[in-house]
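This report describes the fold of one protein chain, the packing of its helices and the surroundings of selected residues. Please consult the sequence and the coordinates alongside the text.

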Amino acid sequence: MAEQIEYREGLEELADHYRRTLQLLGEDPEREGLQKTPMRVAKAMQFLTQGYTQDANEVLRQALFREDYSQMVIVKDIDFFSLCEHHMLPFYGKAHVAYIPNGYITGLSKIARVVDIFAHRLQVQERLTLQIKQCIQDTLHPLGVMVVVEARHMCMQMRGVEKQNSITTTSEFSGAFNQAKTRQEFMNLLHHQ
């Protein structure tokens, strides 16, 4: 069950902007099917950008545990949805995150929460990938972090080049993952069923 969102200040003003947008598109915002649309869209946009009000580093710190485990920890296939900052259209896919602990681990669900927090902002996939890696690096101080993000972009599918089957892959890594052997181990584990 999704957690309840507390709507931020400016919700009414945002709805007014969407009402005006409907008019500029040639629609009648008083038409039966559109009367509640401006507020629905305003609430949806606040939900889709709630990551601006959340601190990903704090989420990790809340579940930080001392542990001597020093092998790779992988959380893969983390579903996410985000909005492209260029067209405000969705992009969605999976994030795969690995880190090698250096005395501390975090709750596994917290890795998925970090992905969600950064995805719930206006984004580009490259920055999303970097922010996830940097947050884990800065908070856990592991021996290394690697993040791979695979996504489909509606701005490429619905408009512009209209390429329906393209997938964009980005990666970021640090520390022990600078070694090709360690990166390859991650990739092998990532694709192992």
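For helices, an axis is a line fitted to the C-alpha atoms over the stretch in contact, and an angle between axes runs from 0 to 180 degrees between N-to-C directions. The model discussed here is predicted.

**Overall architecture**

The chain contains seven helices and seven strands. Along the sequence these follow the order α-α-α-β-β-β-β-α-β-α-β-α-β-α. Taken along the principal axes, the C-alpha atoms fill a box of roughly 60 × 40 × 25 Å. Of the 193 residues in the chain, 39% are buried. Among contacts with a separation of 6 or more, 71% are between residues 24 or more positions apart.

**Helix packing**

Two packed helices are described by the angle between their axes and the distance between the axes. Helix H1 (residues 11-24) and helix H2 (residues 37-48) have axes that come within 8 Å and cross at roughly 125°. This angle makes H1 oblique to H2. From H1, the residues Leu11, Glu12, Leu14, Ala15, Tyr18, Arg19 and Leu22 take part in the contact, and from H2 the residues Thr37, Pro38, Met39, Val41, Ala42, Lys43, Met45 and Gln46. The crossing of H1 and H2 is right-handed.

Also in helix H1 is Glu13. With a relative accessibility of 53%, Glu13 counts as exposed, because the exposed class begins over 50%. The C-alpha atom of Glu13 is separated by 34 Å from that of Leu60, which is 47 residues apart from Glu13 along the chain.

Helix H4 (residues 108-119) has 12 residues, which at 1.5 Å a residue should span 16 Å; its end C-alpha atoms are 18 Å apart, in agreement with that expectation. The buried residues of H4 include Ile111, Val114, Val115, Ile117, Phe118 and Ala119. H4 packs against helix H5 (residues 125-140) at an angle of about 135°, and the two axes are 10 Å apart. H4 is therefore oblique to H5. The crossing of H4 and H5 is right-handed. Where the two helices meet, H4 contributes Ile111, Val114, Val115, Phe118 and Ala119, while H5 contributes Leu128, Gln131, Ile132, Cys135 and Ile136.

**Buried polar side chains**

Three residues with polar side-chain contacts are set out below.

| Residue | Relative accessibility | Polar contact of the side chain |
|---|---|---|
| Thr106 | 4% | backbone oxygen of Leu60, 3.4 Å |
| Thr139 | 8% | backbone oxygen of Cys135, 2.9 Å |
| His153 | 11% | side chain of Gln125, 2.7 Å |

Thr106 lies in strand E4 (residues 104-106). At 4% relative accessibility Thr106 is buried, since that class covers values under 20%. Setting aside residues up to four places away in sequence, Thr106 touches Leu60, Ala63, Phe65, Tyr99, Ile111 and Leu140. Within this list, Ile111 is one of the H4 residues that meet H5. Leu140 is 34 residues from Thr106 in sequence, and their C-alpha atoms are 7.7 Å apart.

Thr139 is situated in helix H5 and is buried, at 8% relative accessible area. The backbone oxygen that its side chain reaches belongs to Cys135, a residue of H5 that takes part in the contact with H4. Apart from residues up to four places away in sequence, Thr139 touches Asn57, Leu60 and Arg61. Leu60 is thus touched by Thr139 and also by Thr106.

His153 is found in strand E6 (residues 144-153), and its relative accessibility of 11% places it in the buried class. Leaving aside neighbours within four places in sequence, His153 is in contact with Pro90, Phe91, Gln125 and Thr168.

**Positive phi angles in loops**

Most residues other than glycine have a negative phi. Which values of phi are found for Met88 and His141? Met88 has a phi near 55°, and His141 has a phi of about 50°. Neither Met88 nor His141 is a glycine. Met88 belongs to the loop between strand E2 (73-84) and strand E3 (90-100), where Met88 is partly exposed, with a relative accessible area of 41%. His141 lies in the loop between H5 and E6.

Technical notes:
Residues numbered from 1 in each chain as written. Predicted model: local features only at pLDDT ≥ 70, side-chain atom pairs only at ≥ 80, totals over all residues. Heavy atoms only, no water. Helix = DSSP H or I, 4+ residues; strand = E, 2+ residues; numbered from the N terminus. Buried < 20%, exposed > 50% of the residue type's maximum accessible area, 1.4 Å probe, protein only. Contact = heavy atoms within 4.5 Å. Polar contact = N/O pair within 3.5 Å; in protein donor to acceptor, adjacent residues only side chain to side chain. Expected span 1.5 Å × (residues − 1). Parallel < 35°, antiparallel > 145°, perpendicular 65-115°, else oblique. Left-handed = near helix turned anticlockwise from the far one by under 90°.
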